Amino acid sequence: MIYYLISWILEILIIVVPLLIAVAYFTLAERKVIASIQRRRGPNTVGIWGLLQPLADGLKLLVKETILPSNSNVIIFVLAPIITFLLSVLGWAVVPYGETIVLADLNVGILYILAVSSLGVYGVITAGWSSNSKYAFIGGLRSAAQMVSYEVSLGLIIISVLLCAGSLNLSQIVLAQEAIWFIIPLFPVFIMFFISALAETNRAPFDLPEAEAELVAGFNVEYSAMGFALFFLGEYSNILMMCALTTILFLGGWLPPFAFLPFTLIPGPLWFGLKMALIGFLFIWVRASYPRYRYDQLMRLGWKVFLPLSLAWVLLVAGILVGFDWYPAF
Amino acid sequence: MNIEVFLFYVFSSLAIVCSIMVISARNPVYSILFLVLVFCNAAGLLLLLETDFLAMLLLIVYVGAVAVLFLFVVMMLNVRITTLKESVLRYLPVGGLIIFIFFFEVLSVINGDLVPFFSNKFVFF
């Protein structure tokens with residue numbers, strides 16, 4: 001019994017601790033990549049090539065004074081970043097890193113991830129409302145409405161992939177791509193998924209609700225020190241979660257590109273990490289390249305462009321699979 | 001007592017407490033947040049029944065969409081936190097009668113032997 005508990009806690013720590021390190025270094029990678037795109041250096045003072053910069057950032061946020069606004073609703077104000085960070089880490093329980101390397105091999109894995117990202121909206125809304133500040137409130141509502149809108153098209157695109165894969169289990173979805181990765185037959189769907197993931201995580205060019213110049217950083221304007229650090233960690237963990245989901249659904253998860261010898265020498269989890277790094281680089285690249293969408297343009301894109309398109313793709317994929325009798329084996 | 005019975009008692013007692021807090025919280029935003037907790041506990045109860053699909057659907061649809069809708073509306077209304085002007089006991093006679101009727105229905109369904117002339121002859125449509 002005690003052995004079971006200790007092994008369980010160790011499994012969780014093996015996922016969470018590298019995740020937090022990855023999130024911290026992803027912030028550094030973002031700054032360095034954006035700097036390279038803008039032809040400058042990025043942080044290179046703190047360690048060699050700036051590698052200790054996340055530690056310096058973390059230390060600064062740790063020793064900063066935590067401010068509780070006097071008119072704010074204290075319980076919810078403190079709970080909001082906790083909920084956000086908790087949910088962003090919870091989603092990683094079902095991600096398969098290798099053939100049998102997964103913490104919880106749920107048969108409804110995809111629905112679990114969708115549920116966790118639906119719950120993530122609450123962190124944003126409660127943060128905006130409990131700060132008792134007009135900017136924070138509007139930023140929170142806008143951000144939440146944007147997340148909810150793009151979750152719809154995200155869900156429909158996931159249905160298109162599920163029709164080809166035949167199971168809600170994430171390991172089964174990866175194994176269904178042994179023949180060919182889903183990015184090749186479903187390439188437009190991959191593009192729509194990537195853009196919806198950008199909008200879902202409030203990431204540029206859809207970051208009007210939290211841009212510094214627009215709404216004074218939106219819903220987290222009243223948060224300092226640890227609250228802000230938790231929101232920051234939660235947001236970047238959501239970004240990495242979307243990268244992982246993209247690689248599982250479209251890029252074949254831990255599978256090597258070709259099943260013969262030089263490619264199979266690299267272990268599965270390393271392939272997973274490389275593909276995630278590629279998609280993460282794409283996230284950062286898009287941030288540095290495009291101007292921001294205005295809020296009404298962004299909502300129009302979600303409801304009037306992506307929703308009909310993803311619905312049409314579900315119908316197309318379902319029609320082809322039924323018409324040619326190419327049902328997936330499950 | 002094994003873990004499932006223990007979890008059943010935890011989830012159901014939390015659901016009851018949170019649903020009482022829904023109707024008795026002063027601030028309407030607190031009411032909706034407690035309602036979200038009720039839905040989460042109901043999802044936990046569904047998980048104990050091994051209907052994982054239903055539990056996830058409950059979370060996605062009810063917590064992720066319906067309660068968010070309620071939260072938006074309540075946050076945008078400029079609701080002043082009102083105190084009750086009338087006492088709750090005013091509703092006791094009719095409310096008590098309805099509670100008694102519900103209680104009677106539940107008992108007669110659960111235990112047919114308690115009310116003998118219902119047990120074989122009563123037909124449910």
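**Exercise 1. Getting to know chain B**

Among contacts in chain B between residues at least 6 apart in sequence, what percentage join residues at least 24 apart? Then describe the helices, the buried share and the exposed surface of chain B.

*Solution.*
Step 1. Keep in mind that this is a predicted model. For contacts in chain B between residues at least 6 apart in sequence, the share that joins residues at least 24 apart is 49%.

Step 2. Look at the elements of chain B: there are four helices and zero strands. Reading along the sequence gives the pattern α-α-α-α.

Step 3. Turn to burial. Chain B has 125 residues, and 24% of them are buried.

Step 4. Finish with the surface. Chain B exposes about 9500 Å², and 74% of this area comes from carbon and sulfur atoms.

**Exercise 2. Where chain A meets chain B**

Describe the interface of chain A and chain B: how many residues are in contact, how much area is buried, and which elements of chain A take part?

*Solution.*
Step 1. Start with the residues: 21 from chain A are in contact with 18 from chain B.

Step 2. Next comes the area. About 1700 Å² is buried between chain A and chain B, and carbon and sulfur atoms give 84% of that. On the chain A side, Leu111(A), Tyr122(A) and Trp129(A) lose the most area to chain B, and together they make up 31% of what that side buries.

Step 3. Check the interactions across the interface. The rule finds zero salt bridges between chain A and chain B, but it does find two residue pairs in polar contact, both at pLDDT 80 or more.

Step 4. Locate the elements. On the side of chain A that touches chain B, two or more residues each come from α3 (74-90), α4 (109-130) and α5 (134-165) of chain A. The element that gives the most is α4(A), with eleven residues.

Step 5. Sort the residues on this side of chain A by type: 18 are nonpolar, three are polar and none is charged.

**Exercise 3. Tracing a network of salt bridges**

Which residues are linked to Glu30(A) in a network of salt bridges, and is Glu30(A) buried or exposed?

*Solution.*
Step 1. Count first: over all chains, the rule gives four salt bridges.

Step 2. Take the pair of Arg203(A) and Glu30(A). Their side chains meet in a salt bridge at 2.7 Å, N to O. Arg203(A) lies in the loop between α7 (187-200) and α8 (212-215) of chain A, while Glu30(A) lies in helix α1 (residues 2-37), so the pair links parts of the chain that are 173 residues apart.

Step 3. Now follow Glu30(A) to Arg287(A). The closest N and O atoms of this salt bridge are 2.4 Å apart. Arg287(A) sits in helix α11 (residues 268-289) of chain A, 257 residues from Glu30(A) in helix α1.

Step 4. Put the pairs together: Glu30(A), Arg203(A) and Arg287(A) are linked in a network of salt bridges.

Step 5. Decide on burial. Buried means under 20% relative accessible area. Glu30(A) counts as buried because its relative accessibility is 3%, and Arg203(A) is buried too. Arg287(A), with a relative accessible area of 33%, is partly exposed.

**Exercise 4. One more salt bridge**

What is the N to O distance between Arg294(A) and Asp296(A), and how much of each residue is accessible?

*Solution.*
Step 1. The side chains of Arg294(A) and Asp296(A) meet in a salt bridge at 2.8 Å, N to O.

Step 2. Arg294(A) has 48% relative accessibility, so Arg294(A) counts as partly exposed. Asp296(A) is partly exposed as well, with a relative accessible area of 45%.

Technical notes
Residues numbered from 1 in each chain as written. Chains lettered and ligands numbered in written order. Predicted model: local features only at pLDDT ≥ 70, side-chain atom pairs only at ≥ 80, totals over all residues. Heavy atoms only, no water. Contact = heavy atoms within 4.5 Å. Buried area = accessible area lost by both parts, 1.4 Å probe. Polar contact = N/O pair within 3.5 Å; in protein donor to acceptor, adjacent residues only side chain to side chain. Nonpolar A, V, L, I, M, F, W, Y, C, P; charged D, E, K, R; others polar. Buried < 20%, exposed > 50% of the residue type's maximum accessible area, 1.4 Å probe, protein only. Areas by Shrake-Rupley, 256 points an atom, 1.4 Å probe, with all protein chains shown as cover.
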